[in-house]
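This report introduces a structure to a reader who has not met it before. It begins with the exposure of one annotated residue and then turns to another, before looking at the ligand.

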Amino acid sequence: MSASTLSELTAARYGKTSVRVFRVVREGSWQHIVEYNVESLLEGAISTSYTEADNSVVVATDSIKNITYYLAKISPHILNAEKFALHLGTFFVSKYAHISKAFVTVEQLRWTRIQVPDNGKLVEHPHAFFRDGDDKRIVKVEVDGTAGKDKLVGKVVAGISDLLVLKSTGSAFENFFRDEFTTLVPVNDRIFSTSVDLTYTFADIALPAPTDEKKFDFVVPVQKGADGYAGSVWDEDVPARARTATLETFAVDESASVQATLYKMAQRIIAENAHVSTVSYSLPNKHYIPVDMKYIGVDNTTPAHAEVFVPIAHPSGLITATISRK
Ligand SMILES: O=c1[nH]c(=O)c2[nH]c(=O)[nH]c2[nH]1
């Protein structure tokens, strides 16, 4: 049997990843900055590039990188990751007849204004920033042109990755299922640490197709509804609210388990953001094990006396769930 009767191409998507972009927006002496890592992947009538070495259907990944920088220069939406990702996705799908879908991921690094004293008060500096956390804001957008280039549909998922948190008490794990494989000792007080990965989804958005030749006149559609933008894709407070809900719930919850705390975090995000449809968390349980010092007659293992711990890199628990609006 020849190779071609045995196999067929069933999925193909390509593009550029890890395009690092830094952009300054000057508003007089007040400056805004963003730093993004951008990935843009394309789908469409590209199968012959794989099956017949036909590069005529390939918009070079180098061009995809160039378009990323060009839109970073000219897009009015550059300071907002959701809008910029939608602009980029819309650009690819409208400009190239044979490209039917674009998948754009924007990872935003934290840059927060440094506060400086000014007449006895602390004020935000107009152009100096610091990295106040390793967590990233993540925006994933799909622009789907399969129903027609004048009927583009945007799907937006956003969230946070790598938000490292730890609480030194206020966490227990007891009453779990026991059988012959159980060695874990129930504890009413333990360390709880996790690196939060959060995503939340919105309803699909109908995107107006750009009409100009260069596909630059992307307009953010106005969302209907009496509540205006509250909690919507366009509400620029959603990311901060989701981060605050995550951090505050983690801090104040008397945690019965990672599962139970996760659920409370997600419930709060749904309650506070009217347009969020689903919330998903992926929470590794980063174990901290009390060092056993019984050999030297020292109690470091009963919860009240556990003070010295070994942070365990591997393995970790991994607790995930999706909570949806009813
Ligand atoms: O919060 C927890 N959830 C679990 O499912 C689990 N399993 C385990 O060994 N420790 C923990 N902790």
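In this predicted model, D62 counts as exposed because its C-beta atom has 9 C-beta neighbours inside 10 Å, and a residue is called exposed when that number is 12 or fewer. D62 is found in helix α3, which covers residues 61–74.

R190, by contrast, is buried, since 23 other C-beta atoms lie within 10 Å and the cut-off for a buried residue is 20 or more. R190 has its place in the loop between β7 (152–167) and β8 (192–202). Leaving aside residues up to four places away in sequence, R190 touches S171, A172, F173 and P303.

| Residue | C-beta neighbours within 10 Å | Class |
|---|---|---|
| D62 | 9 | exposed |
| R190 | 23 | buried |

Both residues belong to a wider annotation: the unreviewed UniProt entry gives "binding site" for T61, D62, F173, R190, V258, Q259 and N285. These positions are spread over 225 residues of sequence, and they are also spread in space, with up to 51.2 Å between C-alpha atoms.

Which residues surround the ligand? The shell around the ligand is made up of F173, L184, S257, V258, Q259, N285, G317 and I319. At least two residues of this shell come from α6 (258–272), and at least two come from β13 (317–324). By character, the shell divides into 4 nonpolar and 4 polar residues, with no charged residue among them. F173, which is one of the residues that R190 touches, is also one of those around the ligand and carries the "binding site" annotation from the UniProt entry.

Notes:
Residues numbered from 1 in each chain as written. Predicted model: local features only at pLDDT ≥ 70, side-chain atom pairs only at ≥ 80, totals over all residues. Near = placed C-beta within 6 Å. Helix = DSSP H or I, 4+ residues; strand = E, 2+ residues; numbered from the N terminus. Nonpolar A, V, L, I, M, F, W, Y, C, P; charged D, E, K, R; others polar. UniProt positions renumbered as here; feature names shortened; annotations may be inferred. Contact = placed C-beta atoms within 7 Å.
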